[in-house]
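Me: I would like to learn how to read helix packing and burial from a model. Please take one case at a time.

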Amino acid sequence: MLIDTHCHLDEYSHEELKQVLEHMKDHIMIVSGVNDVTNQEVMNYCNQYPNIYGVVGIHPEEVENIGENSFVLLESLLKNPKIVGIGEIGLDYHYTKGNIEIQKEVFKKQIELAKKYHKPVVVHSRDALQDTYDIIKQYKDDSIPFILHAYSGSVEMAKQFVKLGVKFGIGGVVTFKNGVKTKEVVEALPLKHFLLETDSPYLTPEPYRGQKNEPYNVIYVANKIAEIKQISVDTVIEATTENAIQVFSLPIVSRKEV
Ligand code: NI
């Protein structure tokens, strides 16, 4: 059984979505929200499909769009058992450095919510890894896990995060020719630190790079990790599925077959 621990379903047409769900019917998806609208949609998917779980949160690029009720909505959704984490939240300095303080404030406020509801935190960090590290270090205790989604930092930095107990979401980038850093991280660290993800509909792995991504493509991420670590793909899937079940406290028993 595959678990795509990070995907978005809001950019598919009706037909595309039917395909996505069909391909994943024996597998699990953890769908991520980024703002009020998508957070509510995540909840709707969770209610409709038994194999869909969700994480909800305010993405760093959405901090300017927070409404009065954004946190009220978040709290109400976090009470639902199918919402298995808060995310994706964090820091993104790629396009704007003008609102860093607001981003930090919103990130911290949501980590506090994660602690209140005992849910793991799915972190988005882009061009902001040191500040992300500092905030996680400040808040990290044994009560909630942190997952760095789409990790693309160095091995050295990864080892610092490991000391904080942070797990890494590995996606399509590991299959890219220029995904050198991600490959190095996969090679250097044991499987117990990794989760599989697609970030669909983005970051499509080889051999389908350029097309719209879909959750079933986690299989290509698993294949690449197996190749890098020179182990069987079954071993990769088994270990990462177990990691995902534990980190998100999913109420399912892992099965070995794919
Ligand atoms: Ni994402």
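**Reading helix contacts and burial**

Reply: Start with a pair of helices in this predicted model. The axes of α8 and helix α9 (residues 233–247) come within 8 Å, and they cross at roughly 115 degrees. The crossing of α8 and α9 is right-handed.

Me: Which residues in α8 meet α9?

Reply: Contact here means heavy atoms within 4.5 Å. From α8 come Ile 219, Ala 222, Asn 223, Ile 225 and Ala 226; from α9, Val 233, Val 236 and Ile 237. Sorted by class, this contact of α8 with α9 holds seven nonpolar residues, one polar and no charged.

Me: Now burial. Which residues of α7 are buried?

Reply: Buried means under 20% relative accessible area. In α7, Thr 182, Val 185 and Val 186 are buried. Viewed down the axis of α7, the buried residues fall within an arc of 100 degrees, so they line one face of the helix.

Me: What do the buried residues of α7 pack against?

Reply: Their partners are two helices and two strands: α6 (155–163) and α8 (218–229), with β7 (167–170) and β8 (194–196). Helix α8 thus appears in both cases, packing with the buried residues of α7 and crossing α9.

Me: Why does Val 180 count as partly exposed?

Reply: Partly exposed covers the range between under 20% and over 50%. Val 180 has 45% relative accessibility, so it counts as partly exposed. Val 180 lies in α7, which spans residues 180–188.

Me: How far apart are Val 180 and Glu 214 in space?

Reply: Val 180 and Glu 214 are 23 Å apart, C-alpha to C-alpha, and 34 residues apart in sequence.

Notes: Residues numbered from 1 in each chain as written. Predicted model: local features only at pLDDT ≥ 70, side-chain atom pairs only at ≥ 80, totals over all residues. Heavy atoms only, no water. Helix = DSSP H or I, 4+ residues; strand = E, 2+ residues; numbered from the N terminus. Buried < 20%, exposed > 50% of the residue type's maximum accessible area, 1.4 Å probe, protein only. Arc of directions from axis to C-beta. Axes fitted to C-alpha atoms, helices over the stretch in contact; angles between N-to-C directions. Left-handed = near helix turned anticlockwise from the far one by under 90°. Nonpolar A, V, L, I, M, F, W, Y, C, P; charged D, E, K, R; others polar.
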